[in-house]
Amino acid sequence: MATINVLDSETINKIAAGEVVERPASVVKELVENAIDAHATAITVEIKDGGTSLIRVTDNGSGIEKDDIPLAFLRHSTSKIRTADDLYVIASLGFRGEALSSIASVAQVELVTKTASDLTGIRCCVEGGKQTVLEEVGCPGGTTMIVRNLFYNTPARRKFLKSDMTEAGYVNDLIMRLALSHPEISFKFINNRQNKIHTAGNMQLKDIIYNIYGRDITANLLEVNRRSSTMEISGYIGKPLISRGNRAYENYFINGRYIKSPVITKAIEEAYKNFVMVHKYPFTAFHLQMDTSLMDVNVHPTKMEVRFNQGEEVYQLVYRTIREALEGRNLIPDVTLES
Ligand code: ADP
Ligand code: MG
């Protein structure tokens, strides 16, 4: 008797959701990345109960064309790439065409959207992966995505969530990083009706750092800016005195994407060696810009990892830039001169 089953699309989507949608913060990440890709200049994120009962992301971006709406919720449907060749030159944050279908398979989703050229907008509801409502509505240009009752049909997942406060904390950290990664966009974060974050979107990275980390950090920054043959680094690093006991303040962004990279983390920490005590980690918030062909973001479904074609150049650029900034300010106590 045959025992191999071909899974139905609902099951396939739920499995995919397991990779992309781990918790409320992962939903927020995907929705905000979509808003950024839609060239929004203002993005508001609102959550209730840690994001488990409600997540609402509103943007003033391009909106979704009426005919595209049913497609947007299908798996592997994306407006951002066409062929496998495009995978090597990805300029957008999204490209896998998985987020909306994954989210819609584990939550109740409502979409309200309008493009600049349409007179009326569209409201569409999807539940358990199936469209339940599609109607015209009056609304401003852009897109609002509302995600209710996350994991309502996957109780095992829901059980793994932490307290509402902890989940809201993850969302807060994420919005901080998204705001730092796109200084040109105004971000607002509202948790249980309380305003938590509001950035101006005035391009000033330092203003965002002030907004998020406060005066003490902002008063102890060194500006970095340097170019190598194929990449550029710009932003801020903290003076050694504001280093701390964990890596939570090590932020860096590549082409506007918050990622984690062992190469960059190592370059940062090697550069700070002798400037900070062991088990102390610096504050950094800098942007690397490089040609999209020099890196591969198609490593993991969450797109938090990248592979560099020229890892050594990345390492050297980060290491030297930071090292010189630190040495230039003569921050090492001058003990050797006295003896
Ligand atoms: P991906 O971002 O990888 O393309 P998604 O499932 O996240 O896949 O989104 C599917 C498609 O829906 C996107 O390619 C885009 O065309 C459209 N879309 C989703 N969110 C928005 C938004 N906020 N504004 C405009 N278009 C959107
Ligand atoms: Mg996306």
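**Figure 1. The five-stranded sheet.** In this predicted model, five strands are arranged in an open sheet whose order is β9-β10-β13-β11-β12, and the pairing within this sheet is mixed. The edges are formed by β9 (221–227) and β12 (257–258), each of which pairs on one side only. As background to this view, strands of a sheet pair through backbone hydrogen bonds, and they may do so in a parallel or an antiparallel manner.

**Figure 2. Pairing at the two edges of the five-stranded sheet.** At one edge, β9 and β10 are joined by seven bridges in the antiparallel sense. These two strands, β9 and β10, make a hairpin, with three residues between them. Within this pair, Arg-226 has Ile-233 in β10 as its bridge partner. At the other edge, β12 pairs with strand β11 (residues 250–254) over two bridges, again in the antiparallel sense. Here Phe-253 has Tyr-258 in β12 as its bridge partner.

**Figure 3. Helix α7 on the five-stranded sheet.** Which strands does helix α7 lie across? Helix α7 (residues 205–213) lies across β9, β10 (231–238) and β13 (284–290). The direction of α7 is at about 35 degrees to that of β10.

**Figure 4. The eight-stranded sheet.** A further open sheet contains eight strands in the order β5-β4-β3-β6-β2-β1-β7-β8, and its pairing is mixed. Strands β5 (130–137) and β8 (194–198) are at the edges and have a single partner strand each, so one side of each is left without a neighbour in the sheet. From one strand to the next, the twist averages 10 degrees. Strand β2 (residues 54–59) and strand β6 (residues 142–148) run antiparallel and are joined by six bridges. In this pair, Val-57 is placed opposite Met-145 of β6.

**Figure 5. Helix α6 on the eight-stranded sheet.** Helix α6 (residues 164–181) packs on the sheet, where it touches β1 (42–48), β7 (186–191) and β8. The directions of α6 and β7 make an angle of about 170 degrees.

**Figure 6. The contact of helices α1 and α4.** In general, two packed helices are described by the angle between their axes and by the distance between the axes. The axes of α1 and α4 come within 8 Å and cross at roughly 105 degrees. The two helices, α1 and α4, are therefore roughly perpendicular to each other. On the side of α1, the residues in the contact are Glu-10, Asn-13, Lys-14, Ala-16, Ala-17 and Val-20. On the side of α4, they are Ala-99, Ser-101, Ser-102, Ser-105 and Val-106. By class, the contact of α1 with α4 has five nonpolar, four polar and two charged residues.

**Figure 7. The surroundings of ligand 1.** Which of the 22 residues around ligand 1 come nearest? They are Asn-34, Ala-38, Thr-78, Gly-94 and Ala-99. Two or more residues of the shell around ligand 1 are given by each of the elements α2 (24–37) and α4 (99–106). Helix α2 gives the most to this shell, namely three residues. The shell around ligand 1 divides into seven nonpolar, 10 polar and five charged residues.

**Figure 8. The two domains and their contact.** The protein is divided into domain 1, which covers residues 9–198, and domain 2, which covers residues 215–331. A distance of 29 Å separates the C-alpha centres of domain 1 and domain 2. The contact involves 14 residues from domain 1 and 12 residues from domain 2. On the side of domain 1 that touches domain 2, the elements giving two or more residues are α1 (9–20) and α6. The largest share of this side of domain 1 comes from α6, with four residues. By class, the residues on the side of domain 1 that touches domain 2 are nine nonpolar, two polar and three charged.

Technical notes
Residues numbered from 1 in each chain as written. Chains lettered and ligands numbered in written order. Predicted model: local features only at pLDDT ≥ 70, side-chain atom pairs only at ≥ 80, totals over all residues. Pairing = 2+ DSSP bridges. Axes fitted to C-alpha atoms, helices over the stretch in contact; angles between N-to-C directions. Contact = placed C-beta atoms within 7 Å. Near = placed C-beta within 6 Å. Nonpolar A, V, L, I, M, F, W, Y, C, P; charged D, E, K, R; others polar. Domains from an automatic or database assignment. Parallel < 35°, antiparallel > 145°, perpendicular 65-115°, else oblique.
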